[in-house]
Amino acid sequence: MAEQIIFYILAAVIAIFSVLAVTSKHIIRSATYLLFVLLATAGLYLLLGYNYLFAVQIAVYAGGVMVLFIFAILLTNRPGDNLKQEYPAKRIVAGLTSIAGLAFCAHIIYYNVSKVYSTIAQSDLTPQQIGHTMLGTDKFQYLLPFEAISILLLACIIGAIMIARKR
Amino acid sequence: MGDLLTSFLSGPVPLEAYLGLSLIMFFAGIYGFLSRKSLLMILISIELMLNAADINFVVFNRYLYPSHLEGFYFALFTIAIAACETAVAIAIIINIYRNLSNVDVENINEMKE
């Protein structure tokens, strides 16, 4: 009961603010609405019982990525000018495309997904389990992707500095 | 009315509700991607779409295979890759702004000289 009420509050927050984020006139407001969406998503992860993912979402998305976004907006936007949008015809086409896709996928989900799952088996996720899975080399363990991500992060740091520095 | 509300709210949250939520988020991202000119707005739309995909991974993991962790780790690595992608994209956008003094997509073809 409580879980359902919390879920529907978070769902309303996500739906409203994700639509507002892409239709707002000012880009800094869009970034703020995106921040609300990301925080509500972190709430969903907590509701599903994945506390570690909740912490990562808050730290990486709501912390790091949003700070990057806000810095970039303040660096590239003159105060006072509004966002340019595409021509009205292209915007109508974009709206129709997204509404058609939404209706199609919603139809598929509504008529097919309930056949797939039956019950929900709850199982607790311990930090030991997360650590063993992340740093093991057996089947269903993820040391290799973890190291690949670390190399990717290093490459991103170097690449971002090389691209953005003054010549 | 009260009985209806109680029966609607009893039991666990259905899987379809989570999927519908991420669907709304994903197509809001697609609308923003197609209808905006600023590169930063396009990047915000991409973040929305990636976040919707993350929710799907986590929810399928929790509802269909609660004893495994595949979806959990996919979401984790997706978050890391999205952070990388945002950092590089914002570096490129700042560089474009330095050369063209705006960040609209229609002016990018001026970059080639």
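In this predicted model, 62 residues of chain B are in contact with 71 residues of chain A. On the chain B side, the elements that contribute two or more residues are α2 (15–35), α3 (39–64) and α4 (70–100). Of these, α4(B) gives the most, with 20 residues. If you colour this side of chain B by residue class, you will find 45 nonpolar, 11 polar and six charged residues.

Let's step back and look at chain B as a whole. Four helices and zero strands make up its secondary structure, giving the pattern α-α-α-α along the sequence. Its radius of gyration is 20 Å, whereas the globule rule gives 13 Å for 113 residues, so chain B is more spread out than a compact globule. The box filled by its C-alpha atoms, taken along the principal axes, is roughly 65 × 35 × 15 Å. Buried residues account for 43% of the 113 residues in the chain. Among contacts in chain B with a separation of 6 or more, 46% join residues that are 24 or more positions apart.

Now turn to a pair of helices within this chain. α3(B) and α4(B) pack with their axes 8 Å apart and at an angle of about 175°. An angle over 145 degrees counts as roughly antiparallel, and that is therefore how α3(B) runs relative to α4(B). From α3(B), the residues that meet the other helix include Leu39(B), Leu43(B), Leu50(B), Phe57(B) and Val58(B). Their counterparts in α4(B) include Phe72(B), Phe74(B), Ile79(B), Ala82(B) and Ile93(B). By class, this helix-to-helix contact has 15 nonpolar, four polar and three charged residues.

Glu47(B) is one of the residues in that contact, and it is worth a pause. Glu47(B) sits in helix α3 of chain B, and it counts as buried because it has 23 C-beta neighbours inside 10 Å. Leaving out residues up to four places away in sequence, Glu47(B) touches Leu34(A) and Ala82(B), a set that takes in both chains. Glu47(B) is also 9.4 Å from Ala83(B), C-alpha to C-alpha, with their positions 36 residues apart in sequence.

The nonpolar interior can be followed from here. The largest nonpolar core has 59 residues, and those with the most contacts inside it are Val37(A), Leu40(B) and Val58(B). At least two residues of this core come from each of α1 (2–23), α2 (27–48) and α3 (51–76) of chain A, and likewise from each of α2, α3 and α4 of chain B. The most come from α3(B), with 12 residues. Leu40(B) shows how the chains meet here: setting aside neighbours within four places in sequence, Leu40(B) is in contact with Ile27(A), Ala72(A), Ile73(A) and Thr76(A) from chain A, and with Ile93(B) and Val103(B) from chain B.

For a last stop, move to a loop in chain A. Most residues other than glycine have a negative phi. Phe140(A), though not a glycine, has a positive phi of about 60°. You can find Phe140(A) in the loop between α5 (127–134) and α6 (143–164) of chain A. This residue counts as exposed because it has 10 C-beta neighbours inside 10 Å.

Conventions:
Residues are numbered from 1 along each chain as its sequence is written. Chains are lettered from A and ligands numbered from 1 in the order in which they are written. This is a predicted model: local features need pLDDT of at least 70, side-chain atom pairs count only at pLDDT 80 or more; totals for chains, interfaces and linings use all residues. The radius of gyration is taken over C-alpha atoms; the globule rule is 2.2 Å times the number of residues to the power 0.38. A residue is buried if 20 or more other C-beta atoms lie within 10 Å of its own, exposed if 12 or fewer, and partly exposed in between; C-beta atoms are placed from the backbone. Two residues are in contact if their C-beta atoms, placed from the backbone, lie within 7 Å. Ala, Val, Leu, Ile, Met, Phe, Trp, Tyr, Cys and Pro count as nonpolar, Asp, Glu, Lys and Arg as charged, and the others, Gly among them, as polar. Axes are lines fitted to C-alpha atoms, for helices over the stretch in contact, and angles run from 0 to 180 degrees between N-to-C directions. Angles under 35 degrees count as roughly parallel, over 145 as roughly antiparallel, 65 to 115 as roughly perpendicular and the rest as oblique. A nonpolar core is a set of buried Ala, Val, Leu, Ile, Met, Phe, Trp, Tyr and Cys residues joined through C-beta atoms within 7 Å.
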